[in-house]
Amino acid sequence: MIVNTELEQKGNLFPSEIINYKKDIDTLQFTTKNNVVLQVTVVRDSVIRFRYSTTGKFENDFSYGVTIHASRGYHFLDVTEDEKHYIITTSKLICKVERLSLQVSLFDALDLKLINQDEIGFHWEESYEYGGDIVKMSKACQKAESYYGLGDKPVDVNLKGKRFENWATDSYAFGKNTDPIYKAIPFYTALHDNKSYGIFFDNTFKTSFDFAHERRNVTSFWAQGGEMNYYFMYGPKMEDVVKNYTDLTGKPHALPPLWALGFHQCKWSYYPEANVKEVTNTFRDLKIPCDAIYLDIDYMDDFRCFTWNKDYFPDPKKMVKELKDDGFKTVVIIDPGIKIDLEYDVFKEGLDKDYFCKRADGPYMKGKVWPGECYFPDYTKPEVRDWWAGLFKELIEDIGVKGVWNDMNEPAVMDVPNKSFPDDVRHDYDGNPCSHRKAHNIYGTQMARATYHGLKKYAYPKRPFVITRSAYSGAQRYTSTWMGDNVATWEHLAIANNQAQRMSMSGFSFAGSDIGGFAEQPHGELFARWIQLGIFHAFCRVHSSGDHGDQEPWVFGEEITDIVRKFVELRYQLLPYLYTAFWNYINDGTPILKSLVLYDQEDSATYYRSDEFIYGEQILVCPIQEPNAKGRRMYIPRGKWYNFWTDELVEGGKEMWVDAALESMPIFIKEGAVIPKYPVQQYVGEKKFDDITLDVYYKEGKESSKLYDDAHDGYDYKKGRFSLRTFTVTGKKEQLIIQQHKRGDFNADYNKFHIVFHNLPFSITSIQIDNVEVPIDNFNTGKKQSILIDKEFNELHLVGK
Ligand code: MIG
């Protein structure tokens, strides 16, 4: 852990004993003899912030990661002392601070069991090169403790035994274990003894995490500058840890428009216009649903942001309108590099207003990217973000573009060894001037934030849609994300699976991979298997570099086209289910994908499972990740599950073989679930429906399910124009009752539910709707047992024998 090897003899410094303690409402301050200060803030009963200074003074308390909307307030707070400790007690946690060493240990306030304990605890090294400290924290790794989270790391789900760095990096064709890649999300959750907690190290400098790698019994994290400043979040349920973290760093400010949860097609690049149209027309001809088409860098005039290449796209407004009339939303790429060209108004204005980043001694930060030599806006300055947001007026308001894709915002620079800005570049950091060492990891997020504000303003009253490559904790408030330049290999399919799960448990559910792989070209089989996984990611887009051939769903032959259509149709059918999961996410911070450990942490068989995951609340998915498979072994979590394809009921808590030839994949539905489905449409809003389907999976016992709905765009839902239906299924040997509870005053176009029953163990003798007997011939007893009923029913009661 000694970073500065030449000065090794100097090494680590440690706090000495506490000589002063004071309390100010929710904040306690401990000062040691050698002038180290530990500030402990009780944010919530289960969230405590620890902040250390080695000089007696703290920096200005500013964070891009923590949202101003974060919940605050606790039910109980008490501080006592014993011979060795100060003891802070909330309704969830007991935190002990040692008088002699400033070391911290945390206990569950209910059963008094140890959750987390400093090993050495806080220590530091002076940074001779840059000033300030290299700040370090070491924690004891508890027996059988495991670790999860950390954003986009391309490794198996459990992080134990590994070491990582957070430094946003353009990583073309990264591989398994490449570290770091595009994002910097310094948050992990840990689990031992059925208790889960999380640590968010809110420090934007280069941070490192070591999970019992260097020393078997120690987990540590450190940063190249700034403060030791971390939030400890307690569950004990892992899902609550993730919710706490998401509350702290922010939920998306708005639901995405529903179309953004549809299928997206992208390539580097579709041009000219005729080529774009050919692609979109083929989607419609072949009846493969699709909602968005992307324009990569070649749509611009010589890669100048906010311009169009008029040879390729002579009339963008007309094209965008025609695409829109056919159900396609146009999404365009915008990079941070602004071409140095005095004839180019964006450049000229940025220069005149002094909006570009500068080197330490004053010259502009000049770097080569696609347009050639460029300057780069300092998005960490509020005024620059406002300017940037304003640049979207024409694209969005006038031309009608619906989404913006921010790339290269690590920031990426070509032809330099470190692939980014030099360390000495200056940033405003919202009035806390600093070098690139501190601003690097946040640069991409601030760009996406500025982009989001532009879209929000000019798309109004519609909702904005932004996608970013780089991100720091909190970026999920503004934008969706993809995982960057992966490769068309089977291993990358597994990586994509792990990354999406990991992002989801790192508070960032709106994520997906380049389906099929960005670099190189997949075989049809790999493409089909990747589509099968991709339809279960909140962000679902095919993208490829294009230099290795085409990657549209139809280029691999008819068999593959049919499989792709079948699964994309399934995604469109499940849109109301996904939309509901998204609503859960923006309301409660509930992750849309749940790794099995997050779903059932009491089952230790889940701790190292990487392939299977829960989609939303009640669908279990496991992609096929190897060629020529006719099925695979997978772990079915505890409980009873229906095979989606056969309705066969299986008892979980064990591994089993599941058939899944190429036209299939392992999907299971939790018993008792009510799964809402739309009819297939070619794009969101294509059709008005008379009814939607509710697939009801019989269970002996009780299970409840939710269905959220609203206008699918706009902000009326924030004023109560939504509907939230809760269906409670109660199954008995010869009865099934479905109760519906509705909240909100949104009224969807459809009037009826087509309720389809799976596995009813009895034959119907009587049906009551809201306590009124209805003729039994309303019940369809064909291949699918079903009934069509008014969507506002309160209770459906089936009796059988
Ligand atoms: O240097 O815009 O990750 O999705 O197609 C490559 C071209 C720049 C990298 C992105 C990729 C995009 C490509 N970009």
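User: In strand S16, which residue is the bridge partner of Phe-164?
Analyst: The model is predicted. Strands of a sheet pair through backbone hydrogen bonds, either parallel or antiparallel. Here S12 and strand S16 (residues 207-211) run antiparallel and are joined by four bridges. In S16, the residue bridged to Phe-164 is Phe-209.

User: Which strands stand at the edges of the open sheet of nine strands?
Analyst: The sheet has the order S5-S6-S7-S8-S9-S10-S17-S16-S12, with antiparallel pairing. From one strand to the next, the twist averages 15°. An edge strand has a single partner strand, so one of its sides is left without a neighbour in the sheet. That applies to strand S5 (77-81) and strand S12 (163-166).

User: Is strand S14 (residues 187-192) largely enclosed or largely exposed, and how many of its residues are buried?
Analyst: In a regular strand the side chains alternate between the two faces of the sheet. On one side of S14, Phe-187, Thr-189 and Leu-191 are buried, and on the other side Tyr-188, Ala-190 and His-192 are buried too. S14 is therefore largely enclosed by the rest of the structure, and its count of buried residues is six of six.

User: In S14, what is the bridge partner of Tyr-148?
Analyst: Strand S11 (residues 146-149) and S14 run antiparallel, with four bridges between them. In S14, Tyr-148 is bridged to Thr-189.

User: In the hairpin of S14 and S15, which residue takes a positive phi?
Analyst: S14 is joined to strand S15 (residues 195-201) by six bridges, and the two run antiparallel. One of the bridged pairs is Ala-190 with Tyr-197 of S15. The hairpin has two residues between the strands, and the positive phi, near 50°, belongs to Asp-193.

User: Are helices H2 and H3 roughly parallel or roughly antiparallel to each other?
Analyst: Two packed helices are described by the angle between their axes and the distance between the axes. For helix H2 (residues 273-285) and helix H3 (residues 316-325), the axes are 11 Å apart and the angle is about 5°. Angles under 35 degrees count as roughly parallel. H2 and H3 are therefore roughly parallel.

User: How many residues of the contact of H2 with H3 are charged?
Analyst: H2 contributes Glu-273, Val-276, Lys-277 and Thr-280, which meet Met-319, Glu-322 and Leu-323 in H3. Of the residues in this contact, three are nonpolar and one is polar, and the number that are charged is three.

User: How many residues of the contact of H8 with H9 are nonpolar?
Analyst: Helix H8 (residues 490-504) and helix H9 (residues 524-534) pack at an angle of about 5°, with axes 10 Å apart. They are therefore roughly parallel to each other. Trp-490, His-492, Leu-493, Ala-496 and Asn-497 in H8 meet Glu-525, Leu-526, Arg-529, Trp-530 and Leu-533 in H9. Two of the contact residues are polar and two are charged, while the nonpolar ones number six.

User: Which helix gives the largest share of the largest nonpolar core?
Analyst: In soluble globular proteins, nonpolar side chains tend to be buried together. The largest such core has 162 residues, and those with the most contacts inside it are Trp-388, Ile-755, Phe-757 and Leu-796. The largest share, nine residues, comes from helix H11 (residues 575-588).

User: How many residues are in the other core, which includes Ile-18 and Tyr-147?
Analyst: This core lies apart from the core of 162 residues. Ile-115 and Ile-199 are also among its residues. Its size is 45 residues.

Technical notes: Residues are numbered from 1 along each chain as its sequence is written. This is a predicted model: local features need pLDDT of at least 70, side-chain atom pairs count only at pLDDT 80 or more; totals for chains, interfaces and linings use all residues. Side-chain values use heavy atoms; hydrogens and water are left out. Axes are lines fitted to C-alpha atoms, for helices over the stretch in contact, and angles run from 0 to 180 degrees between N-to-C directions. Angles under 35 degrees count as roughly parallel, over 145 as roughly antiparallel, 65 to 115 as roughly perpendicular and the rest as oblique. Contact means heavy atoms within 4.5 Å. Ala, Val, Leu, Ile, Met, Phe, Trp, Tyr, Cys and Pro count as nonpolar, Asp, Glu, Lys and Arg as charged, and the others, Gly among them, as polar. A nonpolar core is a set of buried Ala, Val, Leu, Ile, Met, Phe, Trp, Tyr and Cys residues joined through side-chain atoms within 4.5 Å. Buried means under 20% relative accessible area, exposed over 50%, partly exposed in between (1.4 Å probe, protein chains only). Two strands pair if DSSP finds at least two bridges between them.
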